[in-house]
Amino acid sequence: MIEYVKGELVDVTPAFAVIDVNGVGYGLNISLNTFSAIQGKASSPQTSGQLPSDKGASVRLWVYEAIREDAYVLFGFATKKEREMFLLLITVSGVGANTARMILSELTVAELCNVIANGNERILKSVKGIGLRTAQRIIVDLKDKLPEGDWAVGAGSAAASQQTVANTQVRDEAVGALTMLGFAPAPSSKVVVAILKEQPDLPVEQVVKLALKQIK
């Protein structure tokens, strides 16, 4: 069983990270929350197919191993709390590993705890791939299983969660627009995320205009 992987971050996209551990590259599926935590630590990119020559930062990702008949897939998390929430989510009927990762890309662990505790199925339904029944099932199954302590957030978190959903919709539309214009999805997403971090209330068209000036 792999508990965590620690090594040099040689490549990272909003959905995937590669960590070099003593010459072995581990590919891990990640959420956008983990991406935000580790982006900027990767080595400088080189020619396609070549490992970066400049050393990246040392990072540690907590691991979940998804072992199936046709695949062996690793999921990585920047914090143990995110992994624990992921493990809770996949216990819910109809929620697989990829769906759980999507949820944790839309909401932070604290926001998701707040959404479940308050029975806010509307916010869960806004996550791609989550319908009403699944949202209700997540709330019912996990409401009494949520950990205590600093996972929970205060009264203002509902508004923050709604803002996160709005930002996610703008981000997805902006990245989609940039992709249609011929830009690669990974760098487009990185630029868009950075713009929305600085100016979270921008509409899609303004985000795209700013991204066109910054994207490489």
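How many aromatic pairs does the structure hold? In this predicted model, the structure holds 5 aromatic pairs. One of these is formed by Tyr64 and Phe86, whose rings are tilted, with 5.2 Å from centre to centre and 55° between the planes. Because Tyr64 belongs to strand β4 (residues 58-67) and Phe86 to helix α2 (residues 80-89), the pair ties together parts that are 22 residues apart in sequence. The two partners can be assigned to separate classes of accessibility: Tyr64, at 23% relative accessibility, counts as partly exposed, whereas Phe86, at 0%, counts as buried. Phe86 also forms a tilted aromatic pair with Phe75, for which the centres are 5.5 Å apart and the planes make an angle of 35°. This second pair likewise links distant parts of the chain, with Phe75 in strand β5 (residues 72-77) and Phe86 in helix α2, 11 residues apart, and both Phe75 and Phe86 are buried. Through ring pairs, Tyr64, Phe75, Phe77 and Phe86 are linked into a cluster.

The setting of these pairs is a protein with 9 helices and 5 strands. Read from the N terminus, the elements follow the order β-β-β-α-β-β-α-α-α-α-α-α-α-α. Of the 216 residues, 42% count as buried, and the accessible surface comes to about 11,700 Å², with 52% of that surface belonging to carbon and sulfur atoms. Among the contacts between residues at least 6 apart in sequence, 53% join residues at least 24 apart.

Helix α2, which carries Phe86, has as its buried residues Glu82, Arg83, Met85, Phe86, Leu88 and Leu89. The cover over these buried residues includes the helices α1 (32-38), α3, α4 and α6 (132-142), together with the strands β4 and β5. Glu82, one of the buried residues of α2, has its C-alpha atom 8.1 Å from that of Thr108, although the two residues are 26 apart along the chain. Thr108 itself is found in the loop between α3 (97-106) and α4 (109-117), and with a relative accessibility of 30% Thr108 counts as partly exposed.

Charged side chains were examined next. Side chains of opposite charge can pair when their charged atoms come close, and the count in this model comes to 3 salt bridges. In one of them, Glu3 is joined to Arg83, with the closest N and O atoms 2.7 Å apart. This salt bridge links distant parts of the chain, since Glu3 lies in the segment before β1 (4-12) and Arg83 in helix α2, 80 residues apart. Glu3 is partly exposed, with a relative accessible area of 32%, while Arg83, at 9% relative accessibility, counts as buried because this value is under 20%. A further salt bridge is formed by Arg68 and Asp70, for which the closest N and O atoms are 3.6 Å apart; here Asp70 is exposed, its relative accessible area being 67%. In the salt bridge between Arg171 and Asp172, the side chains meet at 2.9 Å, N to O. Arg171 is buried, with a relative accessible area of 12%, whereas Asp172 is partly exposed, with a relative accessible area of 40%.

Charged groups are also placed over aromatic rings. The charged end of Arg60 sits over the ring of Tyr4, at 5.1 Å from the ring centre. In a comparable arrangement, the charged end of Lys80 sits over the ring of Trp62, 5.0 Å from the centre of that ring.

The backbone of the model was considered last. Most residues other than glycine have a negative phi, and most peptide bonds are trans. Asn22, a residue other than glycine, has a positive phi, near 55°. Asn22 is located in the loop between β2 (16-21) and β3 (24-29), and, with a relative accessibility of 79%, Asn22 counts as exposed.

Definitions and conventions:
Residues are numbered from 1 along each chain as its sequence is written. This is a predicted model: local features need pLDDT of at least 70, side-chain atom pairs count only at pLDDT 80 or more; totals for chains, interfaces and linings use all residues. Side-chain values use heavy atoms; hydrogens and water are left out. Helices (H or I, at least four residues) and strands (E, at least two) are DSSP runs, numbered from the N terminus. Buried means under 20% relative accessible area, exposed over 50%, partly exposed in between (1.4 Å probe, protein chains only). Rings of Phe, Tyr and Trp (its six-membered ring) pair if their centres lie within 6.5 Å; planes under 30 degrees apart count as stacked, over 60 as edge-to-face and the rest as tilted. A charge sits over a ring if NZ of Lys or CZ of Arg is within 6 Å of the ring centre and within 35 degrees of the ring normal. Contact means heavy atoms within 4.5 Å. Accessible areas come from the Shrake-Rupley method with a 1.4 Å probe; for residues, only the protein chains shown count as cover. A salt bridge is a side-chain nitrogen of Lys or Arg within 4 Å of a carboxyl oxygen of Asp or Glu.
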